[in-house]
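This report goes through a single structure, from one helix residue to the metal site and the backbone. The sequence and structure come first.

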Amino acid sequence: MPADPVGIARDLIRCRSVTPEEGGALAYLHDVLSRASFEVHRTTFAEAGTAAVENLYARIGAEKPNLMFAGHTDVVPPGDEAAWRHAPFAGEIAGDRLYGRGAVDMKGGIACFVAAALDHVAENGGMPKKGSLSLLITGDEESVAVNGTAKLLKWVAARGETFDHCILGEPSNVASVGDTIKAGRRGSLNGMLVVNGRQGHVAYPDRADNPIRGLTALIAALQAPLDEGSTHFDPSHLEFTSVDVGNPTVNLIPGEARARFNIRYNDQHSQTALKMLIERRAQTAAAGRVHFSFDWQPSNADVFVTKPGPFTELAAAAIEEVTGRVPELSTSGGTSDARFIKDYCPVLEFGLVGQTMHQVDECAPVADLVTLTLIYRRIIDKYFG
Ligand SMILES: [Zn+2]
């Protein structure tokens with residue numbers, strides 16, 4: 001009998017794995033996968049200042065190539081549970097939909113690739129047709145992502161294992177299953193611009209140096225376009241997210257003003273080059289009259305792209321064969337754990353439709369879970385075919 005992705009998704013939703021809690025979700029997968037003879041490892045990673053987080057790595061087969069499916073069982077909090085028509089951790093099916101926190105982001109996606117992997121193995125005498133299938137599941141994606149995928153990949157690599165290709169089951173589709181594969185992500189960089197002036201009485205501005213004048217001039221200069229986009233990416237952009245002086249006094253010129261910003265950047269830039277570009281622009285706008293400095297936050301979200309090639313073609317063909325849709329290769333949206341996986345092997349993101357993710361009454365159409373399982377199954381069969 002084929003594995004039941006809807007049942008697996010429902011069981012996972014019933015685990016209260018609000019980040020960073022394991023909530024029984026990994027224990028459940030451990031049980032399901034070890035019964036199908038996967039070798040299952042559970043590891044807990046910790047670091048000062050962050051919550052310890054449980055992770056799971058499972059593999060069947062010892063040979064190359066190793067096709068990895070990746071995902072996270074942690075979910076964002078439900079918010080006011082009374083606002084949900086279907087309780088967030090009940091896993092109710094109503095009409096033709098499965099409801100619950102994580103239905104699309106991304107317990108549903110995990111259920112589909114688990115079901116597809118179990119079916120492939122069952123139909124090939126209890127092993128992959130050739131090579132290996134592995135599952136890399138973290139409980140630390142929705143929070144700081146410090147004790148999750150990055151450390152788990154390192155841990156597996158330290159065992160001498162390698163990965164050849166990865167499908168990350170994040171909800172990649174916009175309107176229907178099959179419309180979008182994410183084949184890369186923009187980088188993300190946070191910074192703070194600080195302008196120093198001289199405090200003084202507002203009636204005697206000549207005796208002070210108002211940093212707000214300098215700050216607004218620099219803000220204007222830094223919002224100029226960064227590039228015109230590239231083959232695989234939209235233009236980069238810098239957005240100011242906060243402008244702060246914190247001055248409660250009406251007759252005081254403040255001594256300092258700050259502005260916080262985020263840059264989403266494409267493959268035209270490295271982090272170092274981007275910082276230099278921004279600092280140079282500020283220097284020009286300051287024209288020697290404004291005293292400023294930048295405070296850059298460390299970023300582990302660098303830009304990457306998985307270029308079109310045999311693996312993207314294989315995935316796109318599987319999607320088209322099952323759905324009739326030709327998926328778009330997109331690099332839009334926020335960051336994901338693909339930023340860590342890309343250092344180990346080419347990675348594509350493909351999962352359910354993202355529309356209800358992180359919302360009240362998050363839900364996945366049952367038909368989508370069935371379709372996605374067929375697509376994953378087709379990808380596995382082609383990969384080992
Ligand atoms: Zn997610």
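Leaving aside its neighbours within four places in sequence, which residues is His120 in contact with? They are Met127, Pro128, Lys129, Leu133, Arg377, Ile380, Asp381 and Phe384, where contact means heavy atoms within 4.5 Å.

The model is predicted: local features need pLDDT of at least 70 and side-chain atom pairs count only at pLDDT 80 or more, while totals for chains, interfaces and linings use all residues. Residues are numbered from 1 along each chain as its sequence is written, and side-chain values use heavy atoms, with hydrogens and water left out.

**Overall features**

The protein chain contains nine helices and 19 strands; these are DSSP runs numbered from the N terminus, helices being H or I with at least four residues and strands E with at least two. Along the principal axes, the C-alpha atoms fill a box of roughly 85 × 45 × 40 Å. Of the 385 residues in the protein chain, 52% are buried. Buried stands for under 20% relative accessible area, exposed for over 50%, and partly exposed for what is in between (1.4 Å probe, protein chains only). Among contacts between residues at least 6 apart in sequence, 79% join residues at least 24 apart.

**Helix H3**

His120 is found in helix H3 and counts as buried, at 1% relative accessibility. Ala117 lies in H3 too and is buried, with a relative accessible area of 0%. Not counting residues up to four places away in sequence, Ala117 touches Phe38, Leu133 and Ile380. Leu133 and Ile380 are also among the contacts of His120. Ala117 and Ala3, 114 residues apart in sequence, are 9.1 Å apart from C-alpha to C-alpha.

**The zinc site**

The protein donors of the zinc ion are His72 (NE2), Asp105 (OD) and Glu170, which is listed with OE twice, at 1.9 to 2.7 Å from the ion. Donors are N, O and S atoms within 2.8 Å of the metal (3.2 Å for Na, K and Ca); water is not among the atoms, so sites may look incomplete. Along the chain the donors follow the spacing H-x32-D-x64-E. His72 lies in strand S3 (residues 66-72) and Asp105 in the loop between strand S5 (97-99) and helix H3 (107-122), so this pair ties together parts 33 residues apart in sequence. His72 and Asp105 are both buried.

The four donor atoms subtend angles of 52 to 144 degrees at the zinc ion, which makes the arrangement irregular. Four donors count as tetrahedral if all angles lie between 85 and 135 degrees; four count as square planar and six as octahedral if opposite donors are over 155 degrees apart and all others between 65 and 115; anything else is irregular.

**The cavity and Gly169**

The structure holds one cavity of 30 Å³ or more, and the largest cavity has a volume of about 40 Å³. A cavity is a set of points, on a 1 Å grid over the protein atoms alone, where a 1.4 Å probe fits but cannot get out; lining residues have an atom within 4 Å of a point. The lining of the largest cavity includes the zinc donors His72 and Glu170, and also Met106, Leu136 and Asp337. Its largest share, three residues, comes from S3.

Gly169 is placed in the loop between strand S7 (165-168) and strand S8 (180-182). This residue is buried, with a relative accessible area of 0%. The C-alpha atoms of Gly169 and Ala70, 99 residues apart along the chain, are separated by 6.4 Å. Beyond four places in sequence, the contacts of Gly169 include Ala70, Met106 and Tyr376.

**Backbone geometry**

Most residues other than glycine have a negative phi, and most peptide bonds are trans. The table lists departures from this.

| Item | Feature | Angle |
|---|---|---|
| Lys64 to Pro65 | cis peptide bond | omega about -5 degrees |
| Asp105 to Met106 | cis peptide bond | omega near -15 degrees |
| Ala145 | positive phi | about 55 degrees |
| Ala287 | positive phi | about 45 degrees |

Pro65 is found in the loop between strand S2 (53-60) and S3, and Met106 in the loop between S5 and H3. Ala145 lies in the loop between S6 and H4 and counts as buried at 5% relative accessibility. Ala287, in the loop between helix H6 (271-286) and strand S15 (291-296), counts as partly exposed at 41%.

Notes. 1 Å grid on protein atoms, 1.4 Å probe; cavity = no way out; pocket = protein on both sides within 12 Å on 5 of 7 lines; lining within 4 Å. Points joined across faces, edges and corners; volume = space filled by probe spheres on them.
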